[in-house]
Amino acid sequence: MAENQELFCCSICLDLLKDPVTTACGHSYCMGCIKESWDQDDLKGVYSCPQCRQTFIPRPVLNRSTVLTEVVEKLKKTGLQAAPPPALCYAGPGDVVCDVCTGTRKQKALMSCLACLASYCETHLQPHYESPAFKKHKLVKATAQLQEKICSHHDKLLEVYCRTDQQCICLLCTMDEHKGHDTVSAAAERTEKQRQLGMSQQKVQQRFQEREKELKELQQAVESLKEGGE
């Protein structure tokens with residue numbers, strides 16, 4: 001059992017489960033940890049599992065898991081305690097913090113998920129690599145400006161570019177205030193802008209080379225006039 005001790009750890013506090021409870025999706029947490037996490041979701045009225053992000057409406061009633069409680073108690077009697085991962089990296093000034101970690105010291109987020117609209121440390125990022133449910137989620141380098149990628153009207157990802165109004169919008173925007181506008185995917189517009197920028201840089205470089213050539217020819221002409229005058 002000691003070899004599999006990590007199976008009885010809370011993925012939020014990373015310690016052995018305290019008053020363990022199990023959600024409908026099958027993940028287990030400390031009663032206090034999951035309550036604190038869901039307290040933050042009260043305003044939205046939608047509650048999600050910190051690991052697999054499955055949502056629940058209304059807020060589920062949490063019942064203590066007697067089986068897990070017995071297992072954890074046996075682990076404690078053997079003198080074993082859950083040791084934090086050796087490479088814990090706590091967030092410092094200017095770092096993006098993990099949205100799942102709780103407590104006063106949160107770990108530094110490595111990646112942000114544009115589907116979950118959350119940032120994750122190395123520990124809490126693992127479900128995105130291991131679970132098929134997250135395979136289509138797009139991960140980007142951890143950013144504190146995650147909300148800037150989200151539509152303020154519909155809370156959806158800004159994945160469309162409106163060429164008519166020259167701004168990024170979400171899919172729902174194309175059905176109302178931007179209906180009938182010239183729109184493309186944000187990725188396609190970014191590729192096009194990069195192509196145009198590359199062409200502009202080439203033109204500038206070409207003009208520079210032409211001016212440099214003209215200057216050399218002018219200098220040669222001046223030198224020839226001087227030699228002719230002598």
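How many bridges join strand β5 to β6, and do the two run parallel or antiparallel? The views below take up this pairing and other parts of a predicted model.

**View 1. Strand β5 pairs with β6.** The two strands run antiparallel, and 3 bridges join them. Strand β5 spans residues 111-113. One pair can be picked out by residue: Met-111 of β5 stands opposite Tyr-120 in β6.

**View 2. An open sheet of 3 strands has the order β6-β5-β7.** The pairing in this sheet is antiparallel. Which strands stand at the edges? They are β6, residues 118-120, and β7, residues 139-141. Each has a single partner strand, so one side of each is left without a neighbour in the sheet. Neighbouring strands here are turned against each other by 35° on average, direction ignored.

**View 3. Helix α3 packs on the sheet of β5, β6 and β7.** The helix is made of residues 122-130. Which strands does α3 touch? Its contacts reach β5, β6 and β7. The direction of α3 makes about 110° with that of β6.

**View 4. The largest pocket holds about 970 Å³ of space.** Its lining counts 27 residues. Which of them are the closest to the pocket centre? They are Lys-44, Arg-53, Cys-116, Leu-117 and Ala-118. Ala-118 also belongs to the edge strand β6, which covers 118-120. By type, the lining divides into 13 nonpolar, 7 polar and 7 charged residues.

**View 5. Residues 146-186 carry the UniProt annotation "domain: B box-type".** The annotation comes from an unreviewed entry. How much of this stretch is helix, and how much is strand? Over residues 146-186 the chain is 2% helix and 22% strand. The C-alpha atoms at the two ends of the stretch are 16 Å apart.

**View 6. A second open sheet of 3 strands has the order β9-β8-β10.** Its pairing is antiparallel. The edge strands are β9, residues 167-169, and β10, residues 183-185. Each of these edge strands pairs on one side only. From one strand to the next, the twist averages 35°.

**View 7. Strand β8 pairs with β9.** Here 3 bridges join β8, residues 160-162, to β9. The two strands run antiparallel. Which residue in β9 is the bridge partner of Cys-162? That partner is Gln-167.

Methods: Residues are numbered from 1 along each chain as its sequence is written. This is a predicted model: local features need pLDDT of at least 70, side-chain atom pairs count only at pLDDT 80 or more; totals for chains, interfaces and linings use all residues. Side-chain values use heavy atoms; hydrogens and water are left out. Two strands pair if DSSP finds at least two bridges between them. Helices (H or I, at least four residues) and strands (E, at least two) are DSSP runs, numbered from the N terminus. Axes are lines fitted to C-alpha atoms, for helices over the stretch in contact, and angles run from 0 to 180 degrees between N-to-C directions. Contact means heavy atoms within 4.5 Å. On a 1 Å grid over the protein atoms alone, a cavity is a set of points where a 1.4 Å probe fits but cannot get out, and a pocket is an open set with protein on both sides within 12 Å along at least five of seven lines; lining residues have an atom within 4 Å of a point. Grid points are joined across faces, edges and corners, and a volume is the space filled by probe spheres set on the points. Ala, Val, Leu, Ile, Met, Phe, Trp, Tyr, Cys and Pro count as nonpolar, Asp, Glu, Lys and Arg as charged, and the others, Gly among them, as polar. UniProt positions are given in the numbering used here, feature names are shortened, and annotations may be inferred rather than shown by experiment.
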